[in-house]
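Let's take a walk through a protein model and see what is packed inside. Keep the picture open while you read.

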Amino acid sequence: MSKEEEMERIEREIKNCKKCELWKTRNNPVIGEGTLNANIVFVGEAPGYNEDKQGKPFVGRAGKVFDELLAHIGLKREEIFITNVLKCRPPQNRNPLKNEISACTPYLDRQISIIRPRAIATLGSFALHYIFEKFGLKRETIGAVHGKSFDVFNLTGVRKIIPMYHPATATYNPETKNLLLKDFEVLKNICRRDA
Ligand code: URA
Ligand code: SF4
């Protein structure tokens with residue numbers, strides 16, 4: 001099966017998924033978007049109001065910040081892949097629950113295995129904690145590790161994990177925006193295949 005076919009299969013499974021209760025309240029699941037040849041996969045938390053309406057990742061206010069951050073390092077959405085820990089929106093954007101994360105993350109794991117990016121950039125603490133655990137890294141707070149690059153060795157081909165603050169925090173905190181801009185510069189060199 002080609003990468004595209006494998007991703008289409010995942011998409012069909014997610015559209016029919018009832019592994020946790022969130023399918024009942026969602027409008028559209030958000031599978032993820034970008035190129036399957038990405039060097040870097042961004043992992044957010046879960047769809048919000050606008051994402052749930054459109055079925056696309058990071059299209060609301062946090063998405064505007066994300067686009068600015070990408071532009072800051074000269075990248076386009078077509079050059080990366082972006083998805084979330086949860087594929088369906090939690091009601092009122094509440095935090096993901098443990099059982100929802102364990103029900104949903106097999107989809108994320110499969111997406112990562114298909115894309116085999118060089119690096120994963122986590123956006124926010126839910127993605128940080130999930131990805132750190134998956135790759136055998138010690139649990140850390142986002143304040144301690146944001147903007148740092150962590151080397152990992154595993155069969156998925158992923159070499160580096162780079163934790164970032166969630167772009168949504170920058171919509172109400174200008175200081176985090178500056179931190180994010182600086183942290184994103186770490187990604188510049190790993191993002192291009194030919195780099
Ligand atoms: N916040 C997220 O974590 N993901 C989205 O897709 C949108 C907002
Ligand atoms: Fe399935 Fe994930 Fe949606 Fe829960 S959040 S219903 S596990 S796709």
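What follows looks at the empty spaces, the aromatic rings and a few residues worth finding.

First, the ground rules: this is a predicted model, in which local features need pLDDT of at least 70 and side-chain atom pairs count only at pLDDT 80 or more, while totals for chains, interfaces and linings use all residues. Residues are numbered from 1 along each chain as its sequence is written, chains are lettered from A and ligands numbered from 1 in the order in which they are written, and side-chain values use heavy atoms, with hydrogens and water left out.

**Empty spaces**

Rolling a probe the size of a water molecule over the atoms shows where empty space is left. On a 1 Å grid over the protein atoms alone, a cavity is a set of points where a 1.4 Å probe fits but cannot get out, while a pocket is an open set with protein on both sides within 12 Å along at least five of seven lines; lining residues have an atom within 4 Å of a point. Grid points are joined across faces, edges and corners, and a volume is the space filled by probe spheres set on the points. Helices (H or I, at least four residues) and strands (E, at least two) are DSSP runs, numbered from the N terminus. For residue classes, Ala, Val, Leu, Ile, Met, Phe, Trp, Tyr, Cys and Pro count as nonpolar, Asp, Glu, Lys and Arg as charged, and the others, Gly among them, as polar.

Here are the three spaces next to each other:

| Space | Volume | Top contributor to the lining | Classes in the lining |
|---|---|---|---|
| Largest pocket | about 590 Å³ | α7, four residues | 10 nonpolar, 11 polar, four charged |
| Second largest pocket | about 260 Å³ | α5, four residues | five nonpolar, two polar, three charged |
| Largest cavity | about 110 Å³ | α4, three residues | 10 nonpolar, no polar, four charged |

The largest pocket has a volume of about 590 Å³. Its lining is made of 25 residues, and Ala46, Ala62, Asn93, His166 and Ala168 are the closest to its centre. Helices α2 (49-54), α3 (61-72) and α7 (167-172) each give two or more residues to this lining.

As for the second largest pocket, its lining includes Pro96, Phe126, His129 and Arg139. Two or more residues each come from α4 and α5 (125-134).

**Who sits in the cavity?**

Which molecule sits in the largest cavity? That's ligand 2, where "sits in" asks for more than half of a molecule's atoms to lie within 2 Å of the grid points. The cavity has 14 lining residues, and Cys17, Lys19, Cys20, Cys88 and Cys104 lie nearest its centre.

Around ligand 2 you'll find Ile14, Cys17, Lys19, Cys20, Leu22, Trp23, Lys87, Cys88, Ala103, Cys104 and Tyr107; to be included, a residue needs a heavy atom within 4 Å of the molecule. Nine of these shell residues are nonpolar, none is polar and two are charged. Helix α4 (residues 98-115) supplies the largest share of the shell, with three residues.

**Rings that meet**

A pair of aromatic rings is described by the distance of the centres and the angle of the planes. Rings of Phe, Tyr and Trp (its six-membered ring) pair if their centres lie within 6.5 Å; planes under 30 degrees apart count as stacked, over 60 as edge-to-face and the rest as tilted. There are five such pairs in the structure.

Phe42 and Phe66 make an edge-to-face pair, at 5.0 Å centre to centre and 80° between the planes. Because Phe42 is in strand β2 (residues 40-44) and Phe66 in helix α3, this pair ties together parts that are 24 residues apart in sequence. Both Phe42 and Phe66 are buried (buried means under 20% relative accessible area, exposed over 50%, partly exposed in between, with a 1.4 Å probe and protein chains only).

Phe42 also pairs with Phe184, this time stacked, at 5.7 Å centre to centre and 15° between the planes. Phe184 lies in helix α8 (residues 174-184), so the pair with Phe42 of strand β2 links parts that are 142 residues apart in sequence. Phe184 counts as buried because its relative accessibility is 0%. Together, Phe42, Phe58, Phe66 and Phe184 form one aromatic cluster.

**Two loop residues to find**

Gln92 is in the loop between β3 and α4, and it has a positive phi of about 55° although it isn't a glycine. With 72% relative accessibility, Gln92 counts as exposed. Asn93 lies in the loop between β3 and α4 and has a relative accessible area of 42%, so it is partly exposed.
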